[in-house]
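Here's a quick briefing to read alongside the model. Have a look at the structure, then go through the points below.

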Amino acid sequence: MAADGRMRRAISRRQLLVGLGGAAVAAGAVGVDRLVGSSHRRGAALVTAPSGAGAGSGRPSYLPRDAAHAFDAQRGVYNWTAANTVRHAAGLSRVRAGGAAAEVFIGDSLTAGDVGGATFDRLRAWPRIYAATLAADRVAEGGTGLIRVADNRFSDARWHLGAGWHNDTTCAYAATTGARATLSSSTRGTAVAVIYRQAPRGGSFSVSVDGATDGPGFAVVRSRGAARLRRLELTGLADAAHTVEIRTLAASAVVLIAAEIRSERGLICHNVGESGSSASGAGLLSWSDTTTAGGAIQPLTLFAPQSGAYGPGVSTVHCALGTNDLVRGASPDEVTQAIQVIHGACPDVDFILYLQPQPGLVAPVRWARLCTAMYTLADMLDVPLFDLQYLLGGYAHERAEGWVGDQKAHLDPAGYARWGAAVARVAVSSRA
């Protein structure tokens, strides 16, 4: 297929990473300055129990001695201040007042909802728990958020791709007439959005909501034009659950990225986590790689707040990466350098870091160095950091408590529920 909008199937330097939900890419430093003084030699033994359970109470042992900001031992969050969460708090306040706001969740399979092996449950992933917990505090949910049509080699259960559609890691494409892709959700909304790629040789497709052939629930899209991301919105729909069907109308490539069902009010949580992805490295599984060679579309190109995928109102980006980096041999410096690139691609929004819990595949001493590095990065960027290593206690404790979904790194629904609720509790207690 041609590079101008027709997606390449082969990805160089990629191999299957068993148990971590995706493909491995060669880890390497990105082209930005190294963190000053970030050798990370001070990482001590990891805590083995969460806050309030004994060994996990107080300051984490891996927290840098020269840490510049406050660690909240009750809530497991570092450097959460009114000054660096202004937009986040304002967004939640708008929702409480009857308006709308959106938040974006970037991550790997722990954010995408892997509950063990190749089983995904995005409806019980921690961003969804976060939204549901906030809903109990008058922060109403505003819809599904973007539902990716392809997540590495997986597909969300709410999507059904018929004959002619091909998964291309970050999106899906079809180049035959009559190929159908259907999104079904029980979430109510009054609008539908479809995210697709326009390209010089892009094809035409129709969008039909609940079987409509005309009116507000129907549109024909011609995706030919200068290469860019486009967002189609169909509004004025009945406040109900909807089924969205996309059908190609010609034998030219249509590139489909995501769709959502939304309301005019409420908090929209866009979980765009990608299984097997990492902060560092190269290729379609690296969030910091923004190259466009070969026509492939990088995750950050598609899902950064400035991409145009979300419409207006994004207040916050949540970034939970690092596990796959260390499993593939990346250093803590490479991880933090890559996250700086991701942070730089997210201007005009608040940025929240997450230190993931230790995977069973990484030795405690090596993981502790990443823990220390992430705190150093939170200081450097002056952003909040949620410490799930501290809150959940790491792999050994999670396994003893029954919070893990497999023998690698993934949690089960109970573990993800603790994660999402912990973040929501901080947000609830930090109103604008």
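A word on confidence before anything else: pLDDT is the predictor's confidence in each residue, on a scale from 0 to 100. This is a predicted model, and its chain has a mean pLDDT of 86, with 86% of the residues at 70 or more.

**Where to be careful**

- Residues 1-44 have a pLDDT below 50, although this stretch still makes 130 contacts in the model beyond near neighbours in sequence.
- Residues 52-56 also have a pLDDT below 50, and here the model shows 9 contacts beyond near neighbours in sequence.
- Where pLDDT is low, the predicted coordinates shouldn't be read in detail.

**The chain as a whole**

- The chain has 432 residues, and 60% of them are buried.
- Its secondary structure adds up to 10 helices and 20 strands.
- Take the contacts with a separation of 6 or more: 75% of them link residues 24 or more positions apart.
- About 15600 Å² of the chain is exposed, and carbon and sulfur atoms supply 50% of that area.

**Strand E17 and its partner E5**

- How many residues of strand E17 are buried? The count is 6 of the 6 in residues 266-271, so strand E17 is largely enclosed by the rest of the structure.
- Strand E5 (residues 100-107) runs parallel to E17, and 6 bridges join the two.
- If you want a spot to zoom in on, Glu103 stands opposite Cys269 in E17.
- As background for looking at strands, side chains in a regular strand alternate between the two faces of the sheet.

**Two aspartates with positive phi**

- Most residues other than glycine have a negative phi.
- Asp210 goes the other way: it isn't a glycine, yet its phi is positive, at about 55 degrees.
- Where does Asp210 sit? Look in the loop between strand E12 (204-209) and strand E13 (218-222).
- Asp210 is partly exposed, with a relative accessible area of 46%.
- Asp348 isn't a glycine either, and has a positive phi of about 65 degrees.
- You'll find Asp348 in the loop between helix H6 (332-344) and strand E19 (350-355).
- Is Asp348 buried or exposed? With a relative accessibility of 58%, Asp348 counts as exposed, since the cut-off for that label is over 50%.

Note on methods
Residues numbered from 1 in each chain as written. Predicted model: local features only at pLDDT ≥ 70, side-chain atom pairs only at ≥ 80, totals over all residues. Heavy atoms only, no water. Helix = DSSP H or I, 4+ residues; strand = E, 2+ residues; numbered from the N terminus. Buried < 20%, exposed > 50% of the residue type's maximum accessible area, 1.4 Å probe, protein only. Contact = heavy atoms within 4.5 Å. Areas by Shrake-Rupley, 256 points an atom, 1.4 Å probe, with all protein chains shown as cover. Pairing = 2+ DSSP bridges.
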